[in-house]
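Student: I should like a close look at a single part of this model. Please choose one helix, describe what is found along it, and then follow its links into the rest of the chain.

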Amino acid sequence: MTASTASKKSRPKPQPNQALLAKIFHWVNIIALLLMITSGLQIYNANPVFGGRGGWHFPSLFLLGGWLGAGRHWHFAAMWLFALNLLWYGLYIFITQRWKRRFVAVNDLKALQTSKNPKRIIYVWHRLAYTVIIPILLLAILSGIGMYKPAQFHWIVGILGSWQALRVLHFLTIPIVVIFVIFHSWLGLKAGGYRLIQSMFW
């Protein structure tokens, strides 16, 4: 083994580094999601989606607001924070053309079937997850607005057929988003280990 080969093997891998705007986006997302989920469960407890007022209630440990009115205030304040964060980040990746590397393409779908490269497969799943979560997030925001202002946005309720259908759909976006966050983090660990996850925030 030559000295140059040995030095290459002993050289530590460069520390992953994310753009400052990406770090801000991740922090704001985490905070907004925690606020929305806990305050949303406070709203849920006032009239459970499944089973009516006698349905299963979430423990107070997971609630934010203390009562229905405060839960609503927290929920809608966090919703605006979340929606505006998505908006500016969407503009950012559009202007910088990062969207070309963020979302799934035809070649990615082919790679799932034919590629033998594990990292290539991980990146495809990452882009696929990014692509699928966008309409889910938009649906969560749209259904939430329909519940917030049903008189002004009656057409949203009309599209989904009923008020109860709107509530069920909005509630179901919560576990989907949580699953996405777990899957997104797991793919990050597979792609770059803990250092990559750490670089998203610090």
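Tutor: Let us begin with lysine 119, which lies in helix α6 (helices are DSSP runs of H or I, at least four residues, numbered from the N terminus). The model is a predicted one, in which local features need pLDDT of at least 70 and side-chain atom pairs count only at pLDDT 80 or more, while totals for chains, interfaces and linings use all residues. Residues are numbered from 1 along each chain as its sequence is written, and side-chain values use heavy atoms, with hydrogens and water left out.

Lysine 119 has a relative accessible area of 43%, and is therefore partly exposed (buried means under 20%, exposed over 50%, and partly exposed in between, with a 1.4 Å probe and protein chains only). Its distance from histidine 73 sets a scale for the model: the two C-alpha atoms are 43 Å apart in space, with the two positions 46 residues apart in sequence.

The next part of helix α6 to consider is its pairing with another helix. Side chains of opposite charge can pair when their charged atoms come close. The whole structure holds 2 salt bridges (a side-chain nitrogen of Lys or Arg within 4 Å of a carboxyl oxygen of Asp or Glu). In one of them, the side chains of arginine 120 and aspartate 108 meet with an N to O distance of 2.9 Å. Arginine 120 belongs to helix α6 and aspartate 108 to helix α5 (residues 106-114), so this pair ties together parts that are 12 residues apart in sequence. The two partners can be described by how much of each can be reached at the surface. Arginine 120 is partly exposed because its relative accessible area is 27%, whereas aspartate 108, at 5% relative accessibility, counts as buried.

Arginine 127 also forms a salt bridge with aspartate 108, and here the closest N and O atoms are 3.1 Å apart. Since arginine 127 lies in helix α6 and aspartate 108 in helix α5, this pair ties together parts that are 19 residues apart in sequence. In this pair arginine 127 is buried, and so is aspartate 108. Taken together, Asp108, Arg120 and Arg127 are linked in a network of salt bridges. Aspartate 108 is thus named in both pairs, because helix α5 supplies this acid to arginine 120 in one case and to arginine 127 in the other.

Beyond helix α6 comes the loop between α6 and α7 (154-160), and lysine 149 has its place there. Lysine 149 is partly exposed, with a relative accessible area of 32%. Measured against leucine 160 by C-alpha positions in the model, lysine 149 is 15 Å away in space and 11 residues away in sequence.

Farther along the chain, glutamine 164 is found in helix α8. With a relative accessible area of 35%, glutamine 164 is partly exposed. Its C-alpha atom is 23 Å from that of proline 59, and 105 residues separate the two positions in sequence.

Helix α3 may be set beside these elements. Tyrosine 89 lies in helix α3, and it counts as buried because its relative accessibility is 11%. Tyrosine 89 and leucine 21 are 68 residues apart in sequence, yet their C-alpha atoms are 8.1 Å apart in space.

Helix α3 also takes part in a feature of the surface. Trp80, Leu84, Leu87, Leu91, Phe94, Ile95 and Trp99 form a nonpolar patch there, with about 820 Å² of accessible area together. Such a patch joins nonpolar side chains (Val, Leu, Ile, Met, Phe, Trp, Tyr) within 5 Å, from residues with over 30% relative accessible area and no salt bridge; areas come from the Shrake-Rupley method with a 1.4 Å probe. Helix α3 (residues 68-95) gives the most to this patch, with 6 residues. Tryptophan 99, another member of the patch, is found in helix α4 (residues 99-102). Tryptophan 99 counts as partly exposed because its relative accessibility is 38%.

To return to the chosen helix, α6 carries lysine 119, and its arginine 120 and arginine 127 share a network of salt bridges with Asp108.

Methods
Patch = residues over 30% accessible without salt bridge, like charges linked within 9 Å, V, L, I, M, F, W, Y side chains within 5 Å. Helix = DSSP H or I, 4+ residues; strand = E, 2+ residues; numbered from the N terminus.
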